[in-house]
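Visitor: I'd like to look at a protein and ask how its labels are earned. Can you walk me through it?

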Amino acid sequence: MGLLDGRVAIVTGAGSGIGRAAAVALAKEGAAIFATDIDQTGLKQTYDMIISDDGRIETMLQDVTDEALWDTVIAQTEAKLGKPSILVNNAGIAVGGPIPDFSLDDWKKQMAVNVDSVFLGTRAAIRAMKDTGGSIINLSSVAGLRGAAGLSAYCASKGAVRLFTKSAAVECARAGMGIRVNSVHPGIIDTPIWQKSIVEGMPVEMMAGGANAVDPEMLGAAASPMGRPGHPSEVADMIVYLASDKSSYVNGQELVVDGAMTAGG
Ligand SMILES: NC(=O)c1ccc[n+]([C@@H]2O[C@H](COP(=O)([O-])OP(=O)(O)OC[C@H]3O[C@@H](n4cnc5c(N)ncnc54)[C@H](O)[C@@H]3O)[C@@H](O)[C@H]2O)c1
């Protein structure tokens with residue numbers, strides 16, 4: 001018996017990193033997974049991992065910023081797997097760079113992928129789950145809790161996800177929909193987005209060994225009191241908890257998974 005037997009979960013950005021780990025972990029607990037991404041190759045790898053573990057998964061190419069595609073995602077999920085009761089709004093990008101050099105196009109791109117998508121996904125999920133209930137889990141970041149030099153647009157996007165999540169939680173709860181909405185705030189997790197953000201504009205406070213140091217292990221170790229970056233599966237475990245009834249009274253909260261990075265100096 002799994003914690004999520006009989007449930008259907010939609011996971012965006014499931015072709016890599018935290019999204020893939022979440023899809024695998026939710027499937028291990030018995031959920032049928034509707035996995036989406038813009039990366040066909042990554043999605044196929046996630047598909048193979050879950051199938052080889054006797055899990056159930058369907059995939060669809062989805063750009064999370066495309067409004068019309070969200071209706072297709074819900075319709076395809078219901079047709080192929082059944083009514084969804086879990087949505088993990090995970091897809092995201094990190095566009096770094098100093099503010100004076102930052103283009104409006106890059107700002108809008110950052111907001112579209114990290115914020116518009118969370119609004120569109122949450123709206124679609126509420127419409128689909130309003131009579132049956134569910135759990136919506138939005139990926140924010142420690143960058144949604146505090147600022148970071150060189151990552152202003154990313155921090156702004158993740159801060160928006162944090163407060164949008166709380167507003168959605170209160171709105172759904174007051175309407176008696178039985179839908180919980182929470183945000184997850186990872187610290188430094190060793191995935192491609194983290195490695196890319198090092199190159200594009202690493203927060204000064206996280207720098208170890210000078211501006212040329214780009215070893216993720218070393219930077220992760222320097223930034224976390226636990227002396228190492230987190231593993232995607234360690235964030236996935238939090239996502240499973242929030243998806244399950246074990247968190248039935250956890251709502252509108254920001255769950256931090258950062259190895260004590262934001263706990264103190
Ligand atoms: N890795 C970290 O250190 C870290 C820390 C805090 C928060 N996060 C957040 O966790 C989430 C997952 O990050 P990750 O580290 O696994 O990154 P990742 O780069 O490994 O995976 C992100 C996935 O999102 C997909 N994606 C990007 N743009 C998309 C779009 N427009 N439509 C659909 N899919 C798209 C990518 O193809 C990729 O598969 C992101 O929201 C990220 O901001 C990551």
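Guide: Here are some questions about the fold, the ligand and a pocket.

Guide: This is a predicted model, where local features need pLDDT of at least 70, side-chain atom pairs count only at pLDDT 80 or more, and totals for chains, interfaces and linings use all residues. Residues are numbered from 1 along each chain as its sequence is written, and side-chain values use heavy atoms, with hydrogens and water left out.

Visitor: Why is the protein called as compact as a globular protein of its length?

Guide: The globule rule is 2.2 Å times the number of residues to the power 0.38, and the radius of gyration is taken over C-alpha atoms. For 265 residues the rule gives 18 Å, and the protein has 18 Å, so it is as compact as a globular protein of that length.

Visitor: What makes a residue count as near the ligand?

Guide: One of its heavy atoms has to lie within 4 Å of the molecule. There are 29 such residues around the ligand, and Ser16, Ile18, Asp37, Tyr154 and Thr191 come nearest.

Visitor: How do you know that Asp37 has a polar contact with the ligand?

Guide: A polar contact is a pair of N or O atoms within 3.5 Å (within protein, one must be able to donate a hydrogen and the other to accept it, and residues adjacent in sequence count only if both atoms are side-chain atoms). A polar side-chain atom of Asp37 lies 2.6 Å from a ligand oxygen, so the pair fits the cut-off. The Tyr154 side chain also has an N or O atom 2.6 Å from a ligand oxygen, while for Asp63 the distance to a ligand nitrogen is 3.0 Å.

Visitor: What makes the second largest pocket a pocket?

Guide: On a 1 Å grid over the protein atoms alone, a pocket is an open set of points where a 1.4 Å probe fits, with protein on both sides within 12 Å along at least five of seven lines. Lining residues have an atom within 4 Å of a point. Here 14 residues line the pocket, with Gly133, Gly134, Ser135, Gly178 and Arg180 nearest its centre.

Visitor: What classes make up that lining?

Guide: Four are nonpolar, seven polar and three charged. Ala, Val, Leu, Ile, Met, Phe, Trp, Tyr, Cys and Pro count as nonpolar, Asp, Glu, Lys and Arg as charged, and the others as polar.
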